Each structure stands twice: as structure tokens, then as C-alpha cells.
Amino acid sequence: MAGAIHAEGLVKSFGDVRALDGVDLDVPEGTVYGLLGPNGAGKTTAVRVLTTLLRPDSGSATVAGIDVLRRPNEVRRNIGLSGQFAAVDEYLTGRENLRMVGQLYQLSARDAKARAGELLERFHLAEAADRTARTYSGGMRRRLDLAAALVVSPPVMFMDEPTTGLDPRNRQGLWDVIQDLVAGGTTLLLTTQYLEEADRLAHAICVIDHGRVIARGTSDELKAQVGGERVEVVVREREQLHTAREALAAHRRGECEVSIDPHTRRLTVPVEGGARLLAEVIRDLDARGIGIDDIGLRRPTLDDVFISLTGHAAEQEEAGGVRGDRAGGGRAPGSTDGTGGGGAGARRAGGEPREVSE
Amino acid sequence: MSTYSGGNPASGGSPATGGGTASGGPLARTPVSGGGLRQAVGDSLIVARRNLIRMVRIPEVLIFALVQPVMFVVLFSYVFGGSISVPGFGLDAAGYREYLMAGIFAQTVTFATAGAGAGIAEDMHKGLIDRFRSLPMTRGAVMTGRTLADAVQTALTLVVLAVVAALVGWRFHEGVPKALLAFALLLLLGYAFTWIGALIGLIVRTPEAATSGGLIWLFPLTFISVAFVPSENMPSFLAHIAEWNPFSATVMACRELFGNLGPGYQAPDAWPMQHPVLASVLYSVLIIVVFRTLAVRKYRSAAV
């Protein structure tokens, strides 16, 4: 049986570039589906096809059981779209924006007005409701945009990089809204560049690169594929590498190997147990008199997924936000990293999105 | 797993029958089904209203739209007046002002092209066109709404322009009904040109490019015409172009309806010059049909 979103063999080329190269999707009703991939992977193109904005070269899709290509206008009645940019008219007030969208969803003027009032309350915009949207902060505009996408409470929602460019507080707020939505039964397809976001919100994740699905599964399944968390240590003296390896081996997960890079004096070991284990490792190393320059708990990042799945980092593309952190390894918040390589990457530790526009 | 209740939202036209998804409360939702012409008109008016609200909130746009033609009236009247000989008036400055005004009026309405183009391009740029395209609204409504709002602006501009023209000595001599018909032809011409602007806006995608792209070709179009100088004084190939220029038809029609042609004036032989009112209507309608079709087609496939 077809789910809320179903797509088969979607292909879309722009000139020589195959933005979608045979993408299949199947999203069960009432779930959150994360479409994960770097800039240019084809995420936005997939969303544009599913929301009737773009005709694929081949393939088929249904949304809410309706054929996207044959009956696009019926699909439009059943979806909400919130894109990468807050698509609101900045010279209209928040209320006017929502009323306009409601009326264009073919609500009666009275229903549109009532609904606008409800949504402004719900998204904490009531006080700013009668100010023009250009006086809004970035977070408020996003909320207004999201409210506009929810005017008819569509059964299927599409959100294209909803948190890109938002500060942490607004991102958290948006995540809460998304969780509420899903609790209410909405099916949601969201695209993101951030594993943590997909991890936090999505029931199932689909990783795409170069227009192809390269992996899918739950976030646990993907992480298992990547190899879970690991401890990275940089010791002060090269002579201590050997002792350190013995110490780390005691904490390793299963029969995993401790890998050593003598040049950078860096040791890496897959572990299980999170921050508490990290503390144990530190005590253990300390007890053995090993000097530590840097130590951190590293969780799998999107790049780890990539490297693991494709054997390469998608670095041949433009230097987008995702690739930049590979060197830094996206350390987890528990990292004591102060001097370790790739500070730029560490800034995004824990998947904090930077402002990236596609 | 169940499918969406109602299974086929098409039949009831009622989405999200699964109950309060987002609001958690009863949902206001009675989408009008079918739609057709009524929906098309309704959607267009909603978008037009939106653009009119913008116009009020960004008054600079309207002010500049007014200043520029007023400047033209004054400059052309006093700088060229007395130097340009027009049939029926000779080198009389007051006569040239009579002759000139229809040309300025017509040129002014065509400048709305740039505004329409820039507006649509800005909507593209800001992602609003994507939002509109993802809504169950009539396909042409975004541009129709824009062009209708522009027509309101054009009408306001014409009122101001007529007052200024009257101040510098312009008059109509054939009665109010004919003068109103002339203004109606001008509005229709302006409306037609905003559809060209809408298409340009959809193609170029940035407001800046749409502004220049909407204006630049208007200069040869409006100058190689009978708007500012009579075609009789042009080289013959230019005279032909000028006389068949759609823009000239409206200018000539207005002169005829305002009674701004000098005594004993003989219109050129070209058909549009002999039947300017009819030609003006036909040209404008043709432009609307062609460019509306192209613009709606472009809108359907508009891709970032």
C-alpha cells in the first residue's frame, strides 16, 4: 500500500547535471522522514518534484495517495511547504500574510481570518501580528513561513532545510513545533544537512548524494553502519603512544582496533558509553602518567556516513557547509578540544548548523 | 496502515480529514471545489489586494512613477516646444504641447512594464512564487493580480499627469466621453504592457535585471513612433515602423479623441494611423493574449 509519500524512479536533469538519478521514496503515514545529504545532493529537487513545483524527466510519485503529475492541484490542497527561505511578503503584516495564504488555499475569507489568528497565537506571533514582516527577526519570519505552510493543516508537510540559518534557540523552538506536528499525525518530509537534526526528528532517514539514494534506515541503523562513537586522544609525547594504546584498548567496544597516527600522536578507538566513559578514559590515562594534549568523544557526522558509505567525502563539490568540518571531525560537546586540528569544524560540534545557503 | 481517511481527497475536496493535525483544534477548512472562472477571479483579486497594500506601504514607488512623467511633460513642453514643427500647428510651442501630451501619456503607461517585471522577479527571488505555486490557486492569478494592481497605479498616474498637462496648457476638445475613451485606451495599453513585464520578470528573476530589461526596449519603441515627432519628418523606413508601431496607434487614437490634432491634419496612409482607435484596441488585446499565454506557461514551469 502506498504511504503518505511514495516515489519511484524520479529522474531530473538540469543540463548535464543529474539532480535526481532514480530516487525511490516510501514514507509511511504519520512519520517523519529525513532526507539527508550535502548541498547539491538533490534534496531540494526531490522536494520540488513532490510539491508539484518541478516536473521530473521520468518517474512517478504520489502524495497523500494522489498522483503528483496527473493531479497536481489536488496534491497542492493536501500539502504544506516551508522552504529554505522564509517565503513571506515582508510588506504585509503577519496576519495579512496568513490570511492571504488561507484564501489562496480556498478558505473562505472568514475561515482564513480565524485560522490566521489561531496560528499567530500558536507560533507566538500574536503581538507582532499587525506589524509588517520586515520588522520580524529571522526566527520570527521562519515561524511565520511555517505557519503559512500549516494554514490548512495539511496531512503531508515538506520542510526544506527548516533550521538552516537559525540560531540555536530558534532551532530548538522549531524542533519542538515539528515534534508537536508529528504527534498530531502529520506526515513530514524534511531535508537537512545535519545528522543530528535527522537523528533528533526523523523516524527514518534517507541519505542521498549526486541524486542517488546511498543509504536508508533509522538513525541507529545508519550510525551502526558508520561505527558509532569513538574516543580520540592526542598524547603529548610520541613515546607514550604505546602505553596509551594499551590503556585505550581496555575501553574499546567489542573487538575494535585502536588506530594510531604516530605523526599527529593521535589515537582513535570506537567506544560505547558516552561522556562517562570519556571521564574514565581520562582518569585511566592520567593514572598511567600519560600527558594529554587533546581528547574528545566523537560522534558520527554526516561526513562519517559519507566516508563510510561512499568511501570518499563528497569534497569534489563546492566547499559547502558540510564538508568543511571533516578535518575537525565535528567533536561532540564533551570534547576538551582546545588545540586539536580543525577548530572550524569543532565549532559545529553536535551538529550545530551554520548558515548555509544552497 | 490506513490511507488518508476519505481516501480520495479529490472527491470531497477536503484535505486532512484525519483531524487536528497542527492546531489540535477544529480546523477551519472548506476549500471551494472546482473553481473555474470564479476561483480565477477570486485568486487574482486576492493577489491584487496584496500588491495594492504593498503600493501603499512603499509610497516611494508611486511617487517616482509620478515624478518621472511630470518631468517629461515639463521638459518636452518647454525644451522642445517651439523647435519642433508639427502638422497643423507649425512651430507653435502651445501647439506642440497639445500634440505632445498623448505621447507622454502613452509612454508613461508603458513604463509600468518595468514595475510589473521587477515585482514578479522579486517574488521569484524571495521564494514567494514557489509558495504560490505550491498552493491550490489558479495558475495565472499571481500575474493577473500583479497586472491589475499595476493598472490601478497607472490610473492614478494618468490622473496626476492630466492635471499637470492641463496646467501647462493642454486641453481636450471633443467632449468628456471621448476623453474618457482615450484614457481607457491608455489604461488598456498599459495593462497589456505589464504582461510583457510579467514575462520578463519570470525570465530574468532578479528585480534589477527586470527593471532594466523592462525599460530599455521601451525607448526605441516609444521614440520610433508618432509620440514626440510626426512620422512625416522621419526617413521613410523609420516612418513605416513608426506608423505600424502598436504604441503609435494608441497615441494617434488619443490625439483624435482629445482633439489634439492641428486643423486640417492629414493622418499618414498606414492602416493603424487611419483607424487608430480600432488599431489601438486590437494591438493591446493581441499583446495581452500573446504575453499572458507565454507568461502563464513560463509560470507553470518556473524553476529556480
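**Notebook: helices of chain B, sheets of chain A**

I started just past helix α7(B), where G169(B) follows with a positive phi, near 110 degrees. (Helices here are DSSP runs of H or I with at least four residues, strands are E runs of at least two, and both are numbered from the N terminus.)

Before going on, I noted that this is a predicted model, where local features need pLDDT of at least 70, side-chain atom pairs count only at pLDDT 80 or more, and totals for chains, interfaces and linings use all residues. Residues are numbered from 1 along each chain as its sequence is written, while chains are lettered from A and ligands numbered from 1 in the order in which they are written.

**Entry 1: α7(B) by itself**

I checked the span of α7(B), residues 141-167. At 1.5 Å a residue its 27 residues should cover 39 Å, and the end C-alpha atoms are 39 Å apart, which agrees. The expected span is 1.5 Å times one less than the number of residues.

**Entry 2: α7(B) and α8(B)**

How do α7(B) and α8(B) cross? Their axes come within 9 Å and cross at roughly 140 degrees, with α8(B) being residues 176-204. (Axes are lines fitted to C-alpha atoms, for helices over the stretch in contact, and angles run from 0 to 180 degrees between N-to-C directions.) That makes the pair oblique. I wrote the classes down: under 35 degrees is roughly parallel, over 145 roughly antiparallel, 65 to 115 roughly perpendicular, and the rest oblique.

The crossing is right-handed, meaning the near helix is turned clockwise from the far one by less than a right angle; anticlockwise would be left-handed. I looked up the contact residues, including D150(B) and T154(B) of α7(B) and Y191(B) and W195(B) of α8(B). (Contact means C-beta atoms, placed from the backbone, within 7 Å.) By class, this contact has 10 nonpolar, 4 polar and 2 charged residues. Ala, Val, Leu, Ile, Met, Phe, Trp, Tyr, Cys and Pro count as nonpolar, Asp, Glu, Lys and Arg as charged, and the others, Gly among them, as polar.

**Entry 3: α4(B) and its partners**

Next I tried α4(B), residues 93-110. Its axis and that of α7(B) come within 10 Å and cross at roughly 155 degrees, so these two are roughly antiparallel. α4(B) passes α7(B) in a right-handed crossing. On the α4(B) side I found M101(B), F105(B), T108(B) and V109(B), and they meet α7(B) residues that include L158(B) and L161(B). The tally is 6 nonpolar, 3 polar and no charged.

α4(B) also meets α12(B), residues 246-258: the axes come within 9 Å and cross at roughly 135 degrees. This pair is therefore oblique, and the crossing is right-handed. F105(B) turns up in this contact as well, along with A102(B), and among the α12(B) residues are F247(B) and R255(B). I count by class 7 nonpolar, 3 polar and 1 charged.

**Entry 4: first sheet of chain A**

Strands of a sheet pair through backbone hydrogen bonds, either parallel or antiparallel. Which strand order did I find? It is β2-β1-β4-β5 in chain A, an open sheet of 4 strands with antiparallel pairing. (Two strands pair if DSSP finds at least two bridges between them.) The edge strands β2 (17-27) and β5 (66-67) each pair on one side only. Strands β1(A) and β4(A) share 5 bridges, and A7(A) has A61(A) as its bridge partner. Helix α1(A), residues 43-50, packs on this sheet, touching β1, β2 and β4, at about 120 degrees to β1(A).

**Entry 5: another sheet of chain A**

Here I found 4 strands in the order β12-β13-β11-β14, open and antiparallel. β12 (259-261) and β14 (292-298) of chain A have a single partner strand each, so one side of each lacks a neighbour in the sheet. The twist averages 15 degrees from one strand to the next. β12(A) and β13(A) pair over 3 bridges, and I260(A) is partnered by L267(A). Helix α10(A), residues 274-287, lies across β11 and β14, at about 160 degrees to β14(A).

Key
Contact = placed C-beta atoms within 7 Å.
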